[in-house]
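Work through these exercises with the model open. Try each task before reading its solution.

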Amino acid sequence: MSLPDREKTELSRLLRRVALAGLVGSLALVSACTVRPLYSSAPLTTGSSANAELASIAIKPVKTRYAQQVRNNLIFGFGRGAGEPASPLYSLDLSVSEAVESSALVQVGTDEDEPTAGSVTLTASYTLTDAKTGVVITVGKRAITSSFDRPRQEFASYRAQIDAENRAARELAEALQLSIAQDLVRHGKAAS
């Protein structure tokens, strides 16, 4: 057996120290990360979770069929199927507009210029206010487009448009729910 080489021992110690310093540095970097799940149970503004805050939003009545579809999907999404809140913390004023456009003019085998595809765009503007104080928390706008085929039969074309409106309303409600949840998180950080 021979004695260990002094240079190799010092080199291995140095490598261990560098590796340990790298490990400590990477742990410090990772621990400084402030990302958290949006729907976590961590408190936002009033000591309740994001789900509880979303469930405490009352949505004002709307006038059109497609706006009512958006409102119904929002109520279901906010309350996770529980319906409207009994004592809301927030009030949401919702305005939804619709634009229906022809997307393509393609008719094979006819001389008619009838559109065979269309799109429905639903645009929602919203204002979220504190129900007790009336202070505006956030204002926003989101839009969703849904395409549909336009068959030659009038009722089938009308039904396809209604189905596209329903799809757009469902997707718009999901986008609004996410946007409002983010706004509540930002509001909670500003309030604390």
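Buried means under 20% relative accessible area, exposed means over 50%, and partly exposed lies in between (1.4 Å probe, protein chains only). This is a predicted model: local features need pLDDT of at least 70, side-chain atom pairs count only at pLDDT 80 or more, and totals for chains, interfaces and linings use all residues. Residues are numbered from 1 along each chain as its sequence is written, and side-chain values use heavy atoms, with hydrogens and water left out.

**Exercise 1. Lay out the fold.**
List the elements of the protein chain in order from the N terminus.

Solution.
- Step 1: count the elements. The protein chain has 4 helices and 4 strands. Helices (H or I, at least four residues) and strands (E, at least two) are DSSP runs, numbered from the N terminus.
- Step 2: read the order. It runs α-α-β-α-β-β-β-α.
- Step 3: check burial. Of the 192 residues, 34% count as buried.

**Exercise 2. Explain a link across the sequence.**
Find the partner of Glu165 in a salt bridge, and say which parts the pair ties together.

Solution.
- Step 1: apply the cut-off. A salt bridge is a side-chain nitrogen of Lys or Arg within 4 Å of a carboxyl oxygen of Asp or Glu. The whole structure has 4 of them.
- Step 2: find the partner. Glu165 pairs with Arg65, and the closest N and O atoms are 2.5 Å apart.
- Step 3: place both residues. Glu165 lies in helix H4 (residues 154-191) and Arg65 in helix H3 (residues 65-79), so the pair ties together parts that are 100 residues apart in sequence.
- Step 4: compare accessibility. Glu165 is buried at 5%. Arg65 is partly exposed, because its relative accessibility is 35%.

**Exercise 3. Find salt bridges within one helix.**
Which residues do Asp163 and Asp183 meet in salt bridges?

Solution.
- Step 1: take Asp163. Its side chain meets that of Arg159 at 2.9 Å, N to O. Both lie in helix H4, 4 residues apart, about one turn of the helix.
- Step 2: add exposure. Asp163 is partly exposed at 33%, and Arg159 is partly exposed at 36%.
- Step 3: take Asp183. It meets Arg186 at 2.8 Å, N to O. This pair also sits in helix H4, 3 residues apart. Asp183 is buried, with a relative accessible area of 8%.

**Exercise 4. Locate a nonpolar patch.**
Name the residues that form a nonpolar patch on the surface with Leu11.

Solution.
- Step 1: Leu11 is in helix H1 (residues 6-31). Leu11 is partly exposed at 49%.
- Step 2: its patch partners are Leu14, Leu15 and Val18.

Terms used
Patches are made of residues with over 30% relative accessible area and no salt bridge: like charges are joined within 9 Å, nonpolar side chains (Val, Leu, Ile, Met, Phe, Trp, Tyr) within 5 Å. Accessible areas come from the Shrake-Rupley method with a 1.4 Å probe; for residues, only the protein chains shown count as cover.
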